[in-house]
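This briefing concerns helix packing and annotated spans in a single structure. The sequence and coordinates are shown first, followed by notes grouped by topic.

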Amino acid sequence: MNKTKQDYLQFVKKYSAITLLLFFVLLNSLFTPNFFRIGNLNNVITQLCPTILCGMGMTLVISTGGIDISVGSVMALAGVLTARLMPETGLPAAVLAAVAVSVVVGCFTGIMVGKLRLQAMVITLGLMLGLRGVAQVLCGGRDIYFNKLGEVGKQLSLWGTYKLGGVIPVQIIPIVLSVAAVWVMIEKTVLGRQIQAVGDNLRSSSLAGINTSRTLMIVYGLSTFFAAFAGIFQAAKVSVAAGSSLGQLAELDAIAAVVIGGTPMSGGKAHVLGTVVGALIMQMITLTCVMNNIPDQYAQVFKAAIIVFAVFIQREQAK
């Protein structure tokens, strides 16, 4: 009987995230008017895009036992840098330059954490403040509106408003590509196994011949790579690059999605599809509150409670 009860509890813990997501879908289908309208579903996709992109990078980082709280500022830097460069260089070159700068920042973080063994929290906290400041300096303390940048501004705005077949937001493309790429990396490649091995035990991984410094540099570089595209797509969605507000608190949503999705903060295991479920849960909480005229502060309370519950479940699973 005890074994049966224990198995039941393990089942509940394993599928708690997907159960919670289904609960919110059912709740909204019953009490939220017009919940399944195509406009609402499209809004979910567009709002989900930056969380999924940052969440994929954060999944890799947290699975190594680290954390990256600079992704929101990286989003701001990439969005502003793209807006500043594209009138002179054109859109493709501006995007490539912004992404390249962001990846360099991530690799720097990886070197600090992997080579010098500095705390990831401290390094990324410094970058969070510094990069946000750089983004504000680049835009001169003012928002850059794309409608004032001519044809190239319209091209970037299209990234945020275009619909495939006139129905599905273009943001579905980076969502699917990022999830598929990270899932394949984790489940099917040597690098994926090395990433999880580093998170399981850094010293043992090094003794086993894994280049832990290089692995961490790749992981943090990928985190900023995804964050850069998240910033560009988010700026394109609102047709403005704002150094002070773009990507604000994005790192918290990303971390919450990863934790809710089952990736342990201690590292050693990455649940890619779990992060997708976690991101959907976060979006469902926001959508439920907005569509039912519930103040936003209640959404924050619900999110906090779910995060604490997810961490509690991880603790129980680790026993």
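Residues 120-138 are 100% helix and 0% strand, and the C-alpha atoms at the two ends of this span lie 26 Å apart. The model is a predicted one. The notes below treat the annotated spans, then the pairing of α4 with α6, and finally helix α11 with its partners α3 and α7.

**Annotated spans**

- An unreviewed UniProt entry carries the annotation "transmembrane region" for residues 12-32, 93-113, 120-138, 166-186, 216-236 and 272-291.
- Residues 272-291, one of the spans in that annotation, are 100% helix and 0% strand, with end C-alpha atoms 29 Å apart.

**Helices α4 and α6**

- Helix α4 comprises residues 71-89 and helix α6 residues 120-138; their axes are 8 Å apart and make an angle of about 20 degrees.
- Because angles under 35 degrees count as roughly parallel, this value makes α4 roughly parallel to α6.
- The two helices, α4 and α6, cross in a left-handed sense.
- On the α4 side, the contact involves Gly-72, Ser-73, Val-74, Ala-76, Leu-77, Val-80, Leu-81 and Arg-84.
- On the α6 side, the partners are Leu-127, Met-128, Leu-131, Arg-132, Val-134, Ala-135 and Leu-138.
- By residue class, the contact of α4 with α6 has 11 nonpolar, 2 polar and 2 charged members.

**Helix α11**

- Helix α11 spans residues 212-238, a run of 27 residues.
- From first to last C-alpha, α11 reaches 39 Å, close to the expected 39 Å at 1.5 Å a residue.
- Ser-239, just after α11, adopts a positive phi of about 60 degrees.

**Packing of α3 against α11**

- Helix α3 (residues 38-63) packs on α11 at about 170 degrees, with the axes 8 Å apart.
- The two helices α3 and α11 are therefore roughly antiparallel.
- From α3, the contact includes Thr-46, Gln-47, Cys-49, Pro-50, Leu-53 and Cys-54, among others.
- From α11, the contributors include Val-219, Tyr-220, Leu-222, Ser-223, Phe-226 and Phe-233.
- The residues in the contact of α3 with α11 comprise 16 nonpolar, 5 polar and 1 charged.

**Packing of α7 against α11**

- Helix α7 (residues 151-161) and α11 cross at roughly 100 degrees, and their axes come within 7 Å.
- That angle makes α7 roughly perpendicular to α11.
- Leu-156, Ser-157, Trp-159 and Gly-160 of α7 meet Ile-232, Phe-233, Ala-236 and Lys-237 of α11.
- The contact of α7 with α11 divides into 5 nonpolar, 2 polar and 1 charged residues.
- Phe-233 of α11 takes part in the contact with α3 and also in the contact with α7.

Terms used: Residues are numbered from 1 along each chain as its sequence is written. This is a predicted model: local features need pLDDT of at least 70, side-chain atom pairs count only at pLDDT 80 or more; totals for chains, interfaces and linings use all residues. Side-chain values use heavy atoms; hydrogens and water are left out. Axes are lines fitted to C-alpha atoms, for helices over the stretch in contact, and angles run from 0 to 180 degrees between N-to-C directions. Helices (H or I, at least four residues) and strands (E, at least two) are DSSP runs, numbered from the N terminus. Angles under 35 degrees count as roughly parallel, over 145 as roughly antiparallel, 65 to 115 as roughly perpendicular and the rest as oblique. A crossing is left-handed if the near helix is turned anticlockwise from the far one by less than a right angle, and right-handed if clockwise. Contact means heavy atoms within 4.5 Å. Ala, Val, Leu, Ile, Met, Phe, Trp, Tyr, Cys and Pro count as nonpolar, Asp, Glu, Lys and Arg as charged, and the others, Gly among them, as polar. UniProt positions are given in the numbering used here, feature names are shortened, and annotations may be inferred rather than shown by experiment. The expected span of a helix is 1.5 Å times one less than its number of residues.
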